[in-house]
Amino acid sequence: MDRGQQQLSLLCQMASADSLQQLADLAYHLLGNPVFIADMAHTMLAYTKAVNIPHPSWQRNVVQAHLDKNLLRQDREVSTVHVASKDSRMPVLVTDGDVPFPRIIKVLVSNGRPIGVMVLTSYLQPLGEQDIELMELISTFVVSRLEKGSYYISSNSQAIENFLMRLLNDTEINTAEVQRRLEVLGCTFQPNLYVLSICIEMSHSDSHGNLAPVLDAFSALPFCRSFLYNSTIVCIYSSDVEVLHWEEQAAQLTSLLQQNHLAAGVSRRFRGLDDLRAYYLQAHKAQMLGCALGRPDRYFLYDGFSVYHLFQALPDGVPKLFCHQKIWELENYDRQHNTELSITLQVYLEQTRSLSKTAEILFVHRNTVRYRINKCMELLGSDLTDGNETFAYILSLRILEYERKLEGKGW
């Protein structure tokens, strides 16, 4: 078989290739040099494995980057060469000292938008005149495969979201690496960061299938980076000031949550994305606990639910050992007389002994709250003014709430 027939055979195989890896290996046989394919977040998707390239730069920048799920380190030419390739719709030849071999870079474009990059590097033989034409032809097969794959990236914004999702999955990227990648992607945040994990309210569980359509509305908010992750909307919210009152300070977000019957778990405030996963887990835990406990709030702040998280971390039955005896007796009174003194006392103490707020939350009359609290004070033998005693009561009431609503449900 002559060279022309061999090339035609390889191109036919590319047309039916079912993976990027297969395309990368076929491209090597066609071009005589190794290639790699990356998405617009500069994360390696595939590289030539049909031949061993022992050169340190290939091993370090390509092979190890892929094995360790690290980011590509070849950044110097990103902005200028990628723009040139995208604008000309043709591969661009690059020769500089960053990598000691000439290479051809082709930005992969779909519907006018860059979705990835393919690079041919002359490790094994000099680049020929035909290589640019062949790279252009091969790129059509790669674009088709990218569009079909789960890693399809259609815009720079989605490239950023792809990187953020990597941070949620990867706990080994250091601060310098994260900052470097954000700079390459042109992504900036305000100094005060929060992760929001958004779920459907329990009373609107039939709306769960509508998460994807409302994502566009969240993505349009200028202070949020929003994306779907594990069937949940995740927002990275940044602000130039600390957010103390979410309902008022994040009015647009609050309005969007209200319109779509959504509630959000909120992490503690943090400063850098290198520990993004830990704060996401806080938000997700607060979301799950808030929904399971049936709380009426729009925002479930992790600090407000961390005590329940603590209960979950303890062995079964241990939280009950710390329940105040008088609260146990109050709970037994409720069971025997079909009353709601315990829940009323919990809300009353949590709302700093406000009759009106307690009545509003429990949907009862203010006088009903007053009667119940007086009955609680009688049964407890307390006027509820001692701080240490009040703390013990609130902790015990939350233990009982946890036992009633969460224990035995796979939490």
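Strands β1 and β5 run antiparallel in this predicted model, and five bridges join them. One residue pair to look at is Val35, which stands opposite Leu120 in β5. β1 also runs antiparallel to β2, this time with three bridges. There, Ala38 has Met44 of β2 as its bridge partner.

Now, how many of the residues of β1 are buried? Five of the five, so the strand is largely enclosed by the rest of the structure. If you look at the two sides, Val35, Ile37 and Asp39 point one way, Phe36 and Ala38 point the other way, and all of them are buried. Note that Asp39 is in that buried set.

Next, the largest nonpolar core. This core has 26 residues, and the members that touch the most others are Met14, Leu20, Leu31, Leu108, Ile138 and Val142. Which elements give two or more residues to it? They are the helices α1, residues 3–15, α2, residues 20–31, and α5, residues 129–148, together with the strands β1, residues 35–39, β2, residues 44–47, β4, residues 103–110, and β5, residues 113–121. The largest share is that of α2, with seven residues. So much for the list; β1, β2 and β5, the strands I began with, are among the contributors.

Take Met14 as an example from the core. Setting aside neighbours within four places in sequence, Met14 is in contact with Leu23, Leu26, Ala27, Leu30, Ile138 and Phe141. Ile138 is one of the residues that, like Met14, touch the most other core members.

Further along the chain is strand β9, residues 262–266. β9 is mostly covered, with five of its five residues buried. Both of its faces are covered: on one side are Leu262, Ala264 and Val266, on the other Ala263 and Gly265. β9 pairs with β10, residues 299–301, in the parallel sense, over three bridges. Within that pairing, Ala264 stands opposite Tyr299.

Last, the cysteines. A disulfide is a covalent bond between the sulfur atoms of two cysteines. How many disulfides does a search of the whole structure find? Zero. I will mention two cysteines for their accessibility. Is Cys323 buried or exposed? Cys323 counts as buried, because its relative accessibility is 10% and the cut-off for buried is under 20%. Cys12 has a relative accessible area of 47%, so Cys12 is partly exposed. That value does not reach the exposed class, which needs over 50%.

Methods. Residues numbered from 1 in each chain as written. Predicted model: local features only at pLDDT ≥ 70, side-chain atom pairs only at ≥ 80, totals over all residues. Heavy atoms only, no water. Buried < 20%, exposed > 50% of the residue type's maximum accessible area, 1.4 Å probe, protein only. Helix = DSSP H or I, 4+ residues; strand = E, 2+ residues; numbered from the N terminus. Pairing = 2+ DSSP bridges. Core = buried A, V, L, I, M, F, W, Y, C linked by side-chain atoms within 4.5 Å. Contact = heavy atoms within 4.5 Å. Disulfide = S-S within 2.5 Å.
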